[in-house]
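Student: Could you take me on a close look at one part of this structure? I'd like one connected walk-through rather than a pile of separate remarks.

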Amino acid sequence: MNTLITCEEVVRLAFTDGEYVSPDAISAADIAAAGHRYIEPVVGKSLYAMLPDGEYASLKTDYVAPALAMAVRVLVQRSLNVRSGQSGLTVPKGTWSAAASSDAADELQRSLRRRLRLLLERLSDHLAENAASYPEYDPSADAVKHCSLNGGFVQIR
């Protein structure tokens, strides 16, 4: 599967120094799904299709990759919080640590979503300010420019 970034890049860009996550916990399908759900509605189908082929490398590195990595983390974080196996669903707990409370897990998810929204806005603003450099970009189709969540309310512009 041809994805915009690798599993290793997701871990490097979306997790901090103290948060070890194996790249094996992320799949190419996770990256593809996050790209389709979060990145493509901002950049558009035409521009999105060009990015894996090396077109607009600085756009991909500086703007798309950080947003995509965070989008992948938003999608997989809940499944990282628990384990599923032959015994069913379990919560990790070790000698030196215990599972976080559901309130802490919910707050982390809200924080990740806020970070993702900011990265998507940053990508959208860059594209809008430099639209002449990206002829495939259609500002009228940019979802960030037309829909936002503010205080729990969906606002369509």
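Student: Which residues have the most contacts inside the largest nonpolar core, and how many residues does that core have?

Tutor: Quick housekeeping before the core itself. This is a predicted model, where local features need pLDDT of at least 70 and side-chain atom pairs count only at pLDDT 80 or more, while totals for chains, interfaces and linings use all residues. Residues are numbered from 1 along each chain as its sequence is written, and side-chain values use heavy atoms, with hydrogens and water left out.

Now the core. The largest nonpolar core has 39 residues, and Ile39, Leu59, Leu123 and Leu127 are those with the most contacts inside it. A nonpolar core here is a set of buried Ala, Val, Leu, Ile, Met, Phe, Trp, Tyr and Cys residues joined through side-chain atoms within 4.5 Å. Buried means under 20% relative accessible area, exposed means over 50%, and partly exposed is in between (1.4 Å probe, protein chains only). At least two residues of this core come from each of α1 (7-14), α2, α3 (45-50), α4 (57-81) and α5 (102-129). The top contributor is α4, which gives 13 residues.

To place those elements, the protein chain has six helices and four strands, and their pattern along the sequence reads α-α-α-α-β-β-α-α-β-β. Helices (H or I, at least four residues) and strands (E, at least two) are DSSP runs, numbered from the N terminus. Of the chain's 157 residues, 33% count as buried. Among contacts with a separation of 6 or more, 64% are between residues 24 or more positions apart; contact means heavy atoms within 4.5 Å.

Leu59 is a good place to zoom in. Not counting residues up to four places away in sequence, Leu59 touches Leu47, Leu51, Val64, Leu123, His126, Leu127 and Tyr134. Two of those names, Leu123 and Leu127, are also on the list of residues with the most contacts inside the core.

Follow Tyr134 from there. Tyr134 counts as buried because its relative accessibility is 7%. Tyr134 also forms an edge-to-face aromatic pair with Tyr56, at 5.1 Å centre to centre and 70° between the planes. The rule is that rings of Phe, Tyr and Trp (its six-membered ring) pair if their centres lie within 6.5 Å, with planes under 30 degrees apart counted as stacked, over 60 as edge-to-face and the rest as tilted. By this rule the count comes to one aromatic pair. The pair links distant parts of the chain, with Tyr56 in the loop between α3 and α4, Tyr134 in the loop between α5 and α6 (143-146), and 78 residues separating them. Have a look at the backbone of Tyr56 too: phi is near 55°, a positive value in a residue other than glycine.

Next, α1. Its buried residues are Cys7, Val10, Val11 and Ala14. They sit on the same side of α1, because they cover an arc of only 95° around the axis; that arc is taken from the directions from the helix axis to the C-beta atoms. The cover over these buried residues includes α2, α4 and α5.

Then there's α4 against α2. Leu75 is in helix α4 and counts as partly exposed because its relative accessibility is 34%. Leaving out residues up to four places away in sequence, Leu75 touches Asp30, Ala33, Ala34, Arg37 and Tyr38. With Ala34, the C-alpha to C-alpha distance is 7.1 Å, across 41 residues of sequence. Over in α2 (residues 28-43) you'll also find Glu40, which is buried because its relative accessible area is 13%. Beyond four places in sequence, Glu40 is in contact with Gly35, Lys45 and Tyr48.

Finally, α4 against α5. Gln109 is in helix α5 and is buried, since its relative accessible area is 5%. The side chain of Gln109 reaches the backbone oxygen of Val74 at 3.0 Å. A polar contact is a pair of N or O atoms within 3.5 Å; within protein, one must be able to donate a hydrogen and the other to accept it, and residues adjacent in sequence count only if both atoms are side-chain atoms. Leaving aside neighbours within four places in sequence, Gln109 is in contact with Val74, Gln77 and Arg78.
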